[in-house]
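Here is a friendly walk through one model, meant to be read with the coordinates open beside you. Please have the sequence at hand as well.

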Amino acid sequence: MGVLASNLNAQELNQFSVDSLKQVYNDDPDISNNLRILFEIVSNETDPSEKLHFSDILIKATKESESDSTSYYLSAGYLDRGNALLLLGDFHEALEAYIESTKWAKKDEDEELLAGLLVSIADTYSMMGNSESAELYYDKSITLLRQLNNPIMLATALLNAGDEYYNTEQYDKALSNFEESGKLFEQEDYLVGKAYNVGNIGMVYAKQGKHDLAKTNMNEAIALLEENEDYYPISVFLQYMSELYVEQNNYDLALEYAERSLGLATRYNLKDQISSANMQLSQLFERTGNVEKAFDRYKAHIIYRDSIINLERFEKMNSYEIAQKESQEIIFKEKQKSQRIVLWSTIGVLALILLFAYSLFKQIKFVKKANKVIAIEKERSDTLLLNILPEDTAQELKDNGRVVAKKYPSVTVLFSDFKGFTSYAENLSPEKLVETIDHYFSKFDLIMEKHGLEKIKTIGDAYMAVGGLSFDNNDQAKDMVLAAKEMNDFVNQTKHDDATTATFDIRIGINTGSVVAGVVGTKKFAYDIWGDAVNVASRMESNSEPGRINISENTFQLVKEEFDCEYRGELAVKNRGTMKMYFVNG
């Protein structure tokens, strides 16, 4: 399902982050008359409960004001109220809010917003299982969008409506929608949209039993996605086709598509898809009576499932605990020895007193040496922790043995990857591969440290970092863009020096929003961040271009005075509808 496409975030207000704006409001609630501040809070808040709370305040304040923009602010307030209720699972109240928003959007004559609202209403009805109402509102939105000049938004609405027809087994109508949306994606040269469109057509043909056509379309979708180096959805498409043929009891074709999915996932080292493809094959072999192969695939599924979580970075953390225990055992044994010496010396001859004194001297010297070893190992452990975790988190882990997850209302997340790295890496030895990736990532780590930012993790050739985990870094968005520019400059510089023969172009995506951060697991734990802001940052990277820095609307609002940003328009994003994006030029 598509996500509501709204043009409300285009409103240019101020540079405050959402949490700062909330503080302004909390310090002086009478500020509710300032509708622009309330609008900015509501538009950018990601926590659904908070979004709902401030939406209600905006609606009430707008109704009590004498603003010339009453219709605009009321349509925005009810829109975000509906979005919040939808995230909270209250579909009926969400519908009421969307419908109220349409009334004010009509009064404000904002037809593009109205079209997006109609799609949101249709999507909500679809989630509720009310196909009749969903189709009615999809038709309304498509009729309106045909009158507007927004082909990507129209194509997305057609694609969503086609999904609804597919779910209700109206395959001819689904094909008609997919064919029209496909032409629009082709016209706009939107490769990803075209690929998903062709893949959906292939799934319809599979449902209709037209296996050759299904295979042809699926192969075309795969070719388009490979051209875009978007391998993950290819594997998902293939597994979904396998599941369709399982439903039709066509196990030969189900096995064929599952094997293709596994082969592709293995080729590009997509571990989660390798795991799920092996599970799919295990179930298929079990259904067809091949117990031995079923067991082998299940074992492979378990192996790759367990390898998905990256725990290797934390193995050294055990070294401090081991060294500490060994030193304590040595000290304990030596103390026992010292006690025996004292015991015999008290009942022995005077001559043995000299021997005891000498032994005591050696013991003290040894204890000092052991304590020094412990101190060195503790320092190493502390350094290792600070290399892996933020300082506050590392201290909390040492003090309490655990870390309580924290919510950060405004951080900036960066994702990057290298174009063509996967195919290049296939021809490298393991040693050369590690040397190549270390050349780039070591420099990236220094850049992040220079700007006071935190590296979170690397997955293959992807690099993830975040700024703002210290709560007091108000310039974290600016710092992250500066760091991204240095990363890009370094990658370009590498093409002209002799440091490495492996040169690439880098794609970078940045988004600002709220996240939850913490440590998962009780042994070999990993520090990570979660939240919609992370997902959007990843989408910014996948929609970027080689050598470019692609930022979201949220980040743009924070850095637009500092950098020359190029507006790209509203681009369709997988599973999210359309989103505003900007390239950072200077």
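The report below goes from helices and their loops to strands and a surface patch.

This is a predicted model, in which local features need pLDDT of at least 70 and side-chain atom pairs count only at pLDDT 80 or more, while totals for chains, interfaces and linings use all residues. Residues are numbered from 1 along each chain as its sequence is written, and side-chain values use heavy atoms, with hydrogens and water left out.

## Helix 11 and its two sides

Let us begin with helix 11, residues 211–227. Helices here are DSSP runs of H or I with at least four residues, strands are runs of E with at least two, and both are numbered from the N terminus. The 17 residues of helix 11 should span 24 Å at 1.5 Å a residue, and the end C-alpha atoms are indeed 24 Å apart. That expected span is 1.5 Å times one less than the number of residues.

Which residues of helix 11 are buried? They are Ala-214, Asn-217, Met-218, Ala-221, Ile-222, Leu-224 and Leu-225. These residues lie on the same side of helix 11 because they cover an arc of only 165° around the axis, the arc being that of the directions from the helix axis to the C-beta atoms. Buried means under 20% relative accessible area, exposed means over 50%, and partly exposed is in between (1.4 Å probe, protein chains only). Turned away from the buried side, the other face of helix 11 carries the exposed residues Asp-212 and Glu-227.

## Loops with a positive phi

Most residues other than glycine have a negative phi. Glu-229, which follows helix 11, has a positive one near 55°. The table gives two further residues with a positive phi, each in a loop between helices.

| Residue | Phi | Loop | Relative accessibility |
|---|---|---|---|
| Glu-169 | about 65° | between helix 8 (151–167) and helix 9 (171–187) | 58%, exposed |
| Asn-249 | near 60° | between helix 12 (231–247) and helix 13 (251–267) | 55%, exposed |

## Contacts across the chain

Ala-174 lies in helix 9 and counts as buried because its relative accessibility is 0%. Its C-alpha atom is separated by 7.8 Å from that of Glu-164, 10 residues apart along the chain. Val-236, found in helix 12, counts as partly exposed at 35% relative accessibility. Val-236 and Gln-273 are 37 residues apart in sequence, yet their C-alpha atoms are 7.5 Å apart in space.

## Strand 6 and its partners

Now for the strands. In a regular strand the side chains alternate between the two faces of the sheet. In strand 6 (residues 549–552), Ile-549 and Ile-551 point one way, Asn-550 and Ser-552 point the other way, and all are buried.

Strands count as paired if DSSP finds at least two bridges between them. Strand 6 pairs with strand 4 (residues 506–520) in the parallel sense over 3 bridges, and Ile-551 is the bridge partner of Ile-510. Strand 6 is also joined by 3 bridges to strand 8 (residues 577–584), and these two run antiparallel. There, Asn-550 stands opposite Phe-583 of strand 8.

## A nonpolar patch

Strand 4 also holds Val-520, which counts as partly exposed at 37% relative accessibility. Together with Val-516 and Trp-530, Val-520 forms a nonpolar surface patch with about 230 Å² of accessible area. Accessible areas come from the Shrake-Rupley method with a 1.4 Å probe, and for residues only the protein chains shown count as cover. Patches are made of residues with over 30% relative accessible area and no salt bridge, joining like charges within 9 Å and nonpolar side chains (Val, Leu, Ile, Met, Phe, Trp, Tyr) within 5 Å. A salt bridge is a side-chain nitrogen of Lys or Arg within 4 Å of a carboxyl oxygen of Asp or Glu.
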